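Student: Let's go through this one together. I'll throw short questions at you and jump around a bit.

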Amino acid sequence: MSTASPNAAADELADWLRLSAVPGLGAERQRSLLAAFGLPRHVFAAGRSALAGVVGRELADAVLSARQDDAIARTLAWAAEPGSHILTLADEAYPRSLLDIADPPILLYVKGDPALLQRPAIALVGARSATAQGEVNAAAFARSLAEAGLTIVSGLALGIDAAAHRGALAGGAAAGGTVAVIGTGIDRIYPARNAALARDIASAGAIVSEFPLGTPPLQHNFPRRNRIIAGLAQGVLVVEAALGSGSLITARLATESGREVFAIPGSIHSPLARGCHRLIREGAKLVETAEDVIEELRGRLGWPAPTPQPKPQGRRTTRTVATPPASVAQAHLALDDETAQVLALIGHDPVDIDTLAARSGLTVDALYAILLPLELDGHLARMPGGRFQRT
C-alpha cells in the first residue's frame, strides 16, 4: 500500500474495512477468504459460487451485498489524522509476532508509533484492584525492563496495567516504550480515569485496538484483546492476580503461543498472590528482579550474554567497608523507636489494626496516631478491609 497513490491506498483500505464489517463473517472466515482469493478487492470481485465454496451461500450473499457506508468514511477520515494508522495483514508494518497466534486480527487500529509493535517486548499484567506494593513492583519492573530495551505491553486497565505503563514511560525516550492494547474502539478510552495516561501513551508509545471505531467497553471484548497482549510480546510477566483474574487468561494464551510466562510471588495470605503461585506451580518462572526476566529472554531475543567483569589483581589490602545501599529497615532509622518498631511489626503482609495491637501491646488509638503519619509519608498504604501494608 505504501507505493500506491493516496486515492488507491484509500480505496484499498476501504475494501479491508468493508470485509471486516461483513455481518457474521468473523476473523476466521475473513482470513479464509483472503487465503482463497488474495486481497479484499479480489474477494469482492469473486462470484457467488466461488465465495459460497469457502464460506457458504448465506455469507457469500452478505459479502456481495457489503457496501461502503458512513462508518467506513469516518474511519478513513480518522486514519488520515496525524498519528493514526490502520495496519492490515498485508502491510509490512503489521507485527510479525501476531502471525504466530491462533487468531490474528485482519486489521489493527493504532494511535501513536506503529514501529513499537515490531520491537522486542514483554507484557506486564495483573490485578485491577492491586495492592500498593503490587503497583510499586509493576512500575519498577516496567521501568527497568524498558530501560533494558524491551517494549512494555499491557492493557490500560486500572491497577497493575496502569502502573506498568507509567513505569515504562518513566524510562524516557531512550527506553523501549510502551504499548496499550485496549478492548474498545481506538477512539474510546476505558476506564475514563486513564484518559490522561492514554494521551501520554499515544504521544510517546502506541495504543492498539482490533475493534472498529466507536466500539463501547463490552465485557467479552477484554478477554479477547488479551491474545493480542500475549502475542505482541516474547513473554508475559504476571505481577499480581487472583485465581479468577483475566491475567491468567493472558498467561495461558502466552503459553499456547510458545511465549515465556513469569510470575512474581507474594504473601501466602494475599488473595492477589494466589494466581501467581498457581502459575509458578504450573511451570511459570519465578522472578524477583527484572534481570531474572532478561536472563530468561536473552536467548530468545538473540541478545549477547553480559561481559564478565574482570576480578581485581594484585596484593590484598585492607578493605574499606563502604556504606551499603539503604534497605527498608535502614531507611526507617530516622523514625523514633516506637514508630520504627510498629513499622517492623507490620511485616510484609497486610495486617489489620487488631492484629497489630496484639503484636505491639499498644491501644488502637495509640496505633492510629502512629500509623497516620507513616501513611502520609508513604511508608505504608491502607488496604481494603482496614488493613495496612508496608510499601
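Student: Among contacts in the chain between residues at least 6 apart in sequence, what share joins residues at least 24 apart?

Tutor: That share is 69%. Contact here means heavy atoms within 4.5 Å. Keep in mind that this is a predicted model, where local features need pLDDT of at least 70 and side-chain atom pairs count only at pLDDT 80 or more, while totals for chains, interfaces and linings use all residues. Residues are numbered from 1 along each chain as its sequence is written, and side-chain values use heavy atoms, with hydrogens and water left out.

Student: Got it. How many helices and strands are in the chain?

Tutor: The chain has 17 helices and twelve strands. Both are DSSP runs numbered from the N terminus: helices are H or I with at least four residues, strands are E with at least two. The C-alpha atoms fill a box of roughly 85 × 60 × 40 Å along the principal axes.

Student: And what percentage of the residues count as buried?

Tutor: Of the 391 residues, 46% do. Buried means under 20% relative accessible area, exposed means over 50%, and partly exposed is in between, using a 1.4 Å probe and protein chains only.

Student: OK, sheets. What's the strand order in the nine-strand one?

Tutor: That open sheet runs 1-2-6-5-4-3-7-8-9, with mixed pairing. Two strands pair if DSSP finds at least two bridges between them. Strand 1 (84-88) and strand 9 (285-286) are the edges with a single partner strand each, so one side of each has no neighbour in the sheet. Strand 1 pairs with strand 2 in the antiparallel sense over five bridges, and Thr88 has Leu107 in strand 2 as its bridge partner.

Student: Which strands does helix 7 touch on that sheet?

Tutor: Helix 7 (residues 132-147) touches strand 3, strand 4 and strand 7, and its direction makes about 175° with that of strand 3. Helix 9 packs on the sheet too, touching strand 2, strand 5 and strand 6 (206-209), at about 105° to the direction of strand 6. Axes are lines fitted to C-alpha atoms, for helices over the stretch in contact, and angles run from 0 to 180 degrees between N-to-C directions.

Student: Why is helix 10 described as largely enclosed?

Tutor: Ten of its twelve residues are buried, so helix 10 is largely enclosed by the rest of the structure. The buried residues include Phe222, Arg225, Ile228 and Leu232. They pack against several elements, among them strand 3 (121-125), strand 4 (151-154) and helix 11 (246-256).

Student: Switching to cores: which residues touch the most other members in the largest one?

Tutor: Leu17, Leu19, Leu25, Leu33, Val63 and Ile86, out of 37 residues in that nonpolar core. Such a core is a set of buried Ala, Val, Leu, Ile, Met, Phe, Trp, Tyr and Cys residues joined through side-chain atoms within 4.5 Å. Helix 1 gives the largest share, five residues. A second, separate core has 33 residues, including Tyr94 and Cys276.

Student: What does Leu17 contact, leaving aside neighbours within four places in sequence?

Tutor: Leu17 is in contact with Ile72, Thr75, Leu76, Ile86, Leu107 and Tyr109.

Student: Now the other sheet. Which strand order does it have?

Tutor: The three strands go 10-12-11, with antiparallel pairing in an open sheet. Strand 11 and strand 12 form a hairpin with three residues between them, and Gly385 in the turn has a positive phi of about 80°. Four bridges join those two strands; Ala381 stands opposite Gln389, and Arg382 opposite Phe388. Helix 15 (residues 337-346) lies across strand 10, strand 11 and strand 12, at about 100° to strand 12.

Student: How do the axes of helix 16 and helix 17 sit?

Tutor: They come within 10 Å and cross at roughly 100°. The two helices are therefore roughly perpendicular, a label covering 65 to 115 degrees; under 35 is roughly parallel, over 145 roughly antiparallel, and the rest oblique.

Student: Last one, backbone oddities. Where is the cis peptide bond?

Tutor: The cis bond joins Tyr190 and Pro191, with omega at about 0°. Pro191 is in the loop between strand 5 and helix 9. Also check Leu156, which has a positive phi of about 65° without being a glycine. Leu156 is in the loop between strand 4 and helix 8 (160-170), and is buried, with a relative accessible area of 0%.
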